[in-house]
Amino acid sequence: MAGRNGKRLFGYEKERIGNISFKVMGWFLALRDIFTPVNKKMESFGIKEGYRVVDYGCGIGSYIQKASELVGRRGTVYAVDIHELSIKAVEEKKNKYGLTNVITILVSNYPMNIGDNSIDLIYAMDMFHMVKDTQSFLLELKRVIVPNGLLLIERGHQPRIVARRKIDDSNCWEVINETKDIFRCRPIT
């Protein structure tokens, strides 16, 4: 996390954590995935065979294998992150499990090398609290999604009301359903 003066605090920077912090986080997430598998959560996302899906903030790739299975051979999963160690972790999973429908994308800000109106569903889990420029971030997600596409965004480590306000204030997403942690959104046309 960035302190008030913008300096690093506890090894975190705003948006991109340091390599050591990433490795520690990765260890905790791998442990979490053992005790709380993501498969059931993923099945509730509504991913269908043939979908083109973005996992924005893919981290260590906790959701990649199940997403790859759900979209099938005709679909594509784009694993997007700002951290090169995330991309490396997902590439290792791709190779280990033969996930030929997964494409990794390293971004330096928010723009992704993905065409306009080409994505059916985007999920962004446990990363929204790290986004510095939520307006630019949410606009980029809207740019790539099809008009009737779906965004699932987890509030992350911020109060739900704060996350909801960020989405509402963007004027590009409408929250159609929310649970304790996840907002289901449609693009505003």
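A salt bridge is a side-chain nitrogen of Lys or Arg within 4 Å of a carboxyl oxygen of Asp or Glu. Lys 94 and Glu 91 form such a bridge, with their closest N and O atoms 3.6 Å apart. The model examined here is predicted. Side chains of opposite charge can pair when their charged atoms come close. The structure holds 10 salt bridges.

Lys 94 and Glu 91 both lie in helix 4, which spans residues 84-97. They are three residues apart, about one turn of the helix. Lys 94 is buried, with a relative accessible area of 18%. That value is under the 20% limit, so Lys 94 falls in the buried class. Glu 91 is partly exposed, at 25% relative accessibility.

Helix 3, residues 64-71, contains another pair, Glu 69 and Lys 66. Here too the spacing is three residues, about one turn of the helix. The side chains of Glu 69 and Lys 66 meet in a salt bridge, with an N to O distance of 3.0 Å. Glu 69 is exposed, with a relative accessible area of 54%. Lys 66, at 9% relative accessibility, counts as buried.

Arg 143 forms a salt bridge with Asp 116, and their closest N and O atoms are 2.5 Å apart. This pair links distant parts of the chain, 27 residues apart. Arg 143 belongs to helix 5, residues 134-144. Asp 116 sits in the loop between strand 3 (102-106) and strand 4 (119-124). Arg 143 is partly exposed, at 26% relative accessibility. Elsewhere, salt bridges that share partners join Arg 160, Arg 164, Asp 168 and Glu 178 into one network.

Strand 5 covers residues 145-154. Eight of its 10 residues are buried, so strand 5 is largely enclosed by the rest of the structure. Strand 5 runs parallel to strand 4, and five bridges join the two. Ile 122 has Leu 151 of strand 5 as its bridge partner. Strand 4, helix 5 and strand 5 make a right-handed β-α-β unit. Strand 5 is also joined to strand 7, residues 182-187, by four bridges. Strands 5 and 7 run antiparallel. Leu 151 appears again here, with Cys 185 of strand 7 as its bridge partner.

Aromatic contacts were examined next. A search of the whole structure finds six aromatic pairs. One of them joins Tyr 56 and Phe 137, whose ring centres are 5.0 Å apart. Their planes lie at 75 degrees, so the pair is edge-to-face. Tyr 56 is in strand 1 (residues 52-56) and Phe 137 in helix 5, 81 residues apart. Tyr 56 is buried, with a relative accessible area of 3%. Phe 137 is also buried, at 0%.

Phe 137 pairs with Tyr 110 as well. The centres of these two rings are 5.8 Å apart, and their planes are at 65 degrees, so this pair is edge-to-face. Tyr 110 lies in the loop between strand 3 and strand 4, and Phe 137 in helix 5, so the pair ties together parts that are 27 residues apart in sequence. Tyr 110 is buried, and so is Phe 137. Ring pairs link Tyr 56, Tyr 110, Phe 128 and Phe 137 into a cluster. Charge also meets a ring of this cluster: Lys 166 lies over the face of Phe 128, at 5.5 Å from the ring centre.

Definitions and conventions. Residues numbered from 1 in each chain as written. Predicted model: local features only at pLDDT ≥ 70, side-chain atom pairs only at ≥ 80, totals over all residues. Heavy atoms only, no water. Buried < 20%, exposed > 50% of the residue type's maximum accessible area, 1.4 Å probe, protein only. Pairing = 2+ DSSP bridges. Right-handed = clockwise from strand over helix to strand, strands pointing away. Phe/Tyr/Trp six-rings, centres within 6.5 Å; stacked < 30°, edge-to-face > 60°. Lys NZ or Arg CZ within 6 Å of the ring centre and 35° of its normal.
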